[in-house]
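Me: I am new to this structure and would like to be walked through it step by step. Could you take my questions in turn and end each reply on what I asked for?

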There are 2 protein chains.
Amino acid sequence: MNLQEIHQVVILGSGNVATHLAIALKQAEVEILQIFSRKLEHAKMLAVKIGSAFTDDIKQINPAADLYILCVSDDALANLIKNFPIKNSLIVHTSGTISINIFDLTQANGGVFYPLQTFSKNKEIGFKNIPICIEAKNKLSKLRLSNLAHKISNNVHLISSEERKSLHVAAVFASNFTNYFYQIANEILKEKNLSLDLLKPLIIESASKIINCNPTDAQTGPAKRGDDKIISSHLEFLNSHPEYQELYKLISAHIKQNFSQI
Amino acid sequence: MNLQEIHQVVILGSGNVATHLAIALKQAEVEILQIFSRKLEHAKMLAVKIGSAFTDDIKQINPAADLYILCVSDDALANLIKNFPIKNSLIVHTSGTISINIFDLTQANGGVFYPLQTFSKNKEIGFKNIPICIEAKNKLSKLRLSNLAHKISNNVHLISSEERKSLHVAAVFASNFTNYFYQIANEILKEKNLSLDLLKPLIIESASKIINCNPTDAQTGPAKRGDDKIISSHLEFLNSHPEYQELYKLISAHIKQNFSQI
């Protein structure tokens, strides 16, 4: 048996990250021994999908796994680690923000296995391009986690807790906040009975642009051009939405300032 | 000769919209008679690309075209229309924000031909999916513009000036402001010597999601989950960037409020 290989894992959690990760690992022929969730129904639902055992009792967690993957919310993480019954095994969390040090009090071999992607319930996703950010306390654990990550992705990186936090904050801007702006766009259009479909080619093109183009070079729009007439006319248009108006004003000012400095 | 068809056009302007539109029209076998730009060098550069005549003298604009397409900045538009020497011909602007009424004083047959997309200098773009928003003063002009638009796109819509303004404001949020957030993400990563490449799969997935998913359903992240611990930790991380911190705080509050109401 090759100690550098991880053959059997237990997944703790049953949300989007747990589900997508479990499916990807199973497809890579990693054996999922067991799913744990505080809600038995949730554990069962995911376990049935991937053909594994399941439990809602932390004392019943299978001690034979090579790796325990904690896919629970950041809030639940500290408590779960504190009560985790198996010591000295390799155990990782999947959080963008929580430091590896969260394991220090009770787990000698804690690490991080953070897939940098937005996971939705009903949308399948290919793992091959997803960056997986690995962190571990020692060389062997790094190697083992890295080997596992390479089974599901071609985009594996050793990333420190501090770097990972940068990535997570940047990801909030680049994904969560941009999605919120799609919501604002949708709301503005709805009032005129226009469909968001009209903006979808623009949205896809705007995101695709930055694949080959620095986002500073990709910037377009009235604020970049310093077109105050349009900005005023848009702000007036947004009179009935003071919260959107505030954002429009603030971000346009930022963009104008950036480009006046270039 | 079919009066509903537009065979020959003159393009006024030489920027991104003029360039991409000229190329698309030429590929659709519409004849570009002439390129006009205030700067002769600019007019020439585009004219050479598509094999047309060019001028920087507004009095030399070819009077034989079926259509004149004004692809100039909103600021330059009123002046260009005022000085435009040919009356009673079909003439359109390509602006998202300016009303069709800008033509009223001097042009009886003004209209709008607005391609809803972000155009960059060095990035080719397929026109087939780009929504083209048409507006005109009479049925025949609507029909002629619509026929022309269908030659380059399968996504043609009759859109009023008021609706078009909604679309443009929504587009600023969905494209210009999201791109600015890619810039912020890039800046945050740069400080840790991390590459934006790490976020690209996330950025593409976040935009692709809304093709089949309402953006409200697609929302993820700490603010949506009401995860105040992460939000605080990210705000602290942004202490050295008060301008990003302000945006983070404001948008997180918006998202939290939206989702607490659902």
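Reply: Gladly, and please keep in mind throughout that this is a predicted model.

Me: How many helices and strands does the secondary structure of chain A come to?

Reply: The C-alpha trace of chain A spans about 70 × 40 × 30 Å along its principal axes, and of the 262 residues in chain A, buried ones make up 57%. Among the contacts in chain A with a separation of 6 or more, 53% are between residues 24 or more positions apart. The secondary structure of this chain comes to 10 helices and eight strands.

Me: Which residues of strand 4 of chain A point one way, and which the other way?

Reply: Strand 4 of chain A covers residues 67-70, and all of them are buried. In a regular strand the side chains alternate between the two faces of the sheet. Here Tyr68(A) and Leu70(A) point one way, and the other way point Leu67(A) and Ile69(A).

Me: In which sense does strand 4 of chain A pair with strand 1 of chain A?

Reply: Strand 1 of chain A, residues 8-12, is joined to strand 4 of chain A over four bridges, and Val9(A) has Leu67(A) as its bridge partner in strand 4. The sense of this pairing is parallel.

Me: What stands opposite Ile69(A) in strand 5 of chain A?

Reply: Strand 5 of chain A, residues 91-93, runs parallel to strand 4 of chain A and is joined to it by three bridges. These two strands, together with helix 3 of chain A (residues 74-83), make a right-handed β-α-β unit. Opposite Ile69(A) in strand 5 stands Val92(A).

Me: Why does Cys71(A) form no disulfide?

Reply: Cys71(A) counts as buried because its relative accessibility is 10%, below the 20% limit. A disulfide needs two cysteine sulfur atoms within 2.5 Å, and the count over all chains comes to zero. For Cys71(A), the closest cysteine sulfur is in Cys133(A), and it is too far for a bond, at 15 Å.

Me: By what turn can chain A be laid on chain B?

Reply: Two copies of a chain are related by a rotation about an axis and a shift along it. In this model the shift along the axis is 0.0 Å and the RMSD is 0.0 Å, with a turn of 180 degrees. That is the relation of a two-fold axis, and the C-alpha of chain A nearest the axis, 2.5 Å from it, is that of Thr178(A). The turn asked for is thus 180 degrees.

Me: What percentage of the interface residues of chain A are also interface residues in chain B?

Reply: The copies meet through the same surface, because the interface residues of chain A are also interface residues in chain B to the extent of 100%.

Me: Which residues touch the most other members of the largest nonpolar core?

Reply: This core holds 81 residues. Leu199(B), for one, touches residues of chain A including Leu116(A), Leu167(A) and Ala174(A), as well as Ala185(B) and Leu189(B), when residues up to four places away in sequence are not counted. Those that touch the most other members are Phe173(A), Leu199(A), Phe173(B) and Leu199(B).

Me: Which helices of chain A are included in what covers the buried residues of helix 9 of chain B?

Reply: Helix 9 of chain B, residues 228-237, has as its buried residues Ile230(B), Ile231(B), Ser233(B), His234(B) and Leu235(B). Their cover includes helix 8 and helix 10 of chain B, together with two elements of chain A, namely helix 3 and helix 5.

Me: Is Ser37(B) buried or exposed?

Reply: Ser37(B) lies in the loop between strand 2 and helix 2 of chain B. Leaving aside neighbours within four places in sequence, its contacts are Ser14(B), His42(B), Ala43(B), Thr55(B) and Asp56(B). Because its relative accessibility is 9%, Ser37(B) counts as buried.

Me: What is the phi of Glu29(A)?

Reply: Glu29(A) sits in the loop between helix 1 and strand 2 of chain A, and at 73% relative accessibility it counts as exposed. Most residues other than glycine have a negative phi. Glu29(A) is not a glycine, yet its phi is positive, near 65 degrees.

Definitions and conventions: Residues are numbered from 1 along each chain as its sequence is written. Chains are lettered from A and ligands numbered from 1 in the order in which they are written. This is a predicted model: local features need pLDDT of at least 70, side-chain atom pairs count only at pLDDT 80 or more; totals for chains, interfaces and linings use all residues. Side-chain values use heavy atoms; hydrogens and water are left out. Buried means under 20% relative accessible area, exposed over 50%, partly exposed in between (1.4 Å probe, protein chains only). Two strands pair if DSSP finds at least two bridges between them. A crossover is right-handed if, with the strands pointing away from the viewer, the path from the first strand over the helix to the second runs clockwise. Copies are superposed by least squares on the C-alpha atoms of residues with pLDDT of at least 70 in both. Contact means heavy atoms within 4.5 Å. A nonpolar core is a set of buried Ala, Val, Leu, Ile, Met, Phe, Trp, Tyr and Cys residues joined through side-chain atoms within 4.5 Å.
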